[in-house]
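Q: Please teach me how to read a protein fold, one feature at a time. I'm happy at the bench but less so with models.

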Amino acid sequence: MSEEENPAAEAVPVQDVQGDGRWISQHNRFVQECKDAEPDVLFVGDSMVQLMQQYEVWRELFSPLHALNFGVGGDTTCNVLWRLQNGELENIRPRVVVLWVGTNNHEHSAEQVAGGIVTIVQVLHTRLPKAKIVVLGLLPRGEFPNPLRDKNSAVNNYLRSSLPRLGFVQFLDVGSSFVHSDGTISCRDMFDFLHLTASGYGAVATPLHELLLQLLEETPQERRASLV
């Protein structure tokens, strides 16, 4: 599926239907952060990324890696694409980028969502050719089995087959640990059966942190020009 015919691969800003300009304000803050920050790791995505920084795992595992968090609640692949193409990659040269987005793409098919994620990965690689990229798989959602959970699983299957062909990206799927043998998800892991609790983030953060350490070790540290 080409980008031209995939609506999930079109860069679109969030419409300010509520009238308080919050989404564009968050984007502008991220663009401003790019002017001063020198991150080694950049996290980009929706609320799954955004809320991570409210938990201890962010302070314990990711802040020491000089990580920036560019997560915005409710974002789709289209919104993340727009943000990245409108200033959020300027002036920064992270060595690793973590992408986690797609569960909010309710208007798109699983194949379209996966295509949108692949398009974001390609944009990241074009803008940051030296960076390694990690794509996190979409998590299961809902207390009981449901169509959205099936769709997220299908997105992951598409990514599992398409991402390795790109070469510069790794796919990390930790979703299976959240589904119990009876098919349910516990509120101890997802407080609203979508967003993660502290223990839920712990299940994601541990393997992600190990992978990031490995990638940062493999990637030679670029010497940045000293600021005058």
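**Strands and their partners**

Q: How many bridges join strand β4 to β5?

A: Helices (H or I, at least four residues) and strands (E, at least two) are DSSP runs, numbered from the N terminus. Two strands pair if DSSP finds at least two bridges between them. Here, β4 (residues 132-136) is joined to β5 by four bridges, and the two run parallel. For one spot to click on, take V134, whose bridge partner in β5 is Q170.

Q: Before we go on, what kind of model is this?

A: It's a predicted model, where local features need pLDDT of at least 70 and side-chain atom pairs count only at pLDDT 80 or more, while totals for chains, interfaces and linings use all residues. Residues are numbered from 1 along each chain as its sequence is written, and side-chain values use heavy atoms, with hydrogens and water left out.

Q: Back to the sheet, then. What is the order of its strands?

A: As a general idea, strands of a sheet pair through backbone hydrogen bonds, either parallel or antiparallel. This one is an open sheet of five strands with parallel pairing, in the order β2-β1-β3-β4-β5. At the edges sit β2 (67-71) and β5 (169-172), each pairing on one side only. On average, neighbouring strands are turned by 20 degrees against each other, direction ignored. Such axes are lines fitted to C-alpha atoms (for helices, over the stretch in contact), and angles run from 0 to 180 degrees between N-to-C directions.

Q: Which strands does helix α4 touch?

A: Look for contact, meaning heavy atoms within 4.5 Å. Helix α4 (residues 77-85) packs on the sheet and touches β1 (41-45), β2 and β3 (96-100), with its direction at about 135 degrees to that of β1.

Q: How is β1 joined to β2 and β3?

A: Five bridges join β1 to β2, and the two run parallel. Between β1 and β3 there are also five bridges, again parallel. To trace this yourself, find V41, which has A67 as its bridge partner in β2, and V44, which stands opposite L99 in β3.

**Buried or not**

Q: Are the residues of β1 buried or exposed?

A: Buried means under 20% relative accessible area, exposed over 50%, and partly exposed in between (1.4 Å probe, protein chains only). Five of the five residues of β1 are buried, so the strand is largely enclosed by the rest of the structure. Both of its faces are covered, with V41, F43 and G45 on one side and L42 and V44 on the other.

Q: How many residues of α4 are buried?

A: Eight of the nine are, so α4 is largely enclosed by the rest of the structure. The buried set is T77, C78, N79, V80, L81, W82, R83 and L84. Their cover includes α1, β1, β2, β3 and α5 (110-127). After the helix comes G87, with a positive phi near 115 degrees.

Q: Why does T77 count as buried?

A: Its relative accessibility is 0%, so T77 counts as buried. Leaving aside neighbours within four places in sequence, T77 is in contact with A8, V101, G102, N105, V113, G116, I117 and I120. Its side chain also makes a polar contact (N or O atoms within 3.5 Å; within protein, one must be able to donate a hydrogen and the other to accept it, and residues adjacent in sequence count only if both atoms are side-chain atoms). The partner is the side chain of N105, at 2.8 Å.

Q: And R22: where is it, and what does its side chain contact?

A: R22 is in helix α1 (residues 22-34). It counts as partly exposed because its relative accessibility is 47%. Its side chain makes a polar contact with the side chain of D20 (3.0 Å).

**The whole chain**

Q: How many helices and strands does the chain have?

A: Seven helices and five strands. From the N terminus on, they run α-β-α-α-β-α-β-α-β-α-β-α. The radius of gyration (taken over C-alpha atoms) is compared with a globule rule of 2.2 Å times the number of residues to the power 0.38. For this chain of 228 residues the radius is 17 Å, close to the 17 Å from the rule, so it is as compact as a globular protein of that length. Buried residues make up 52% of the chain.
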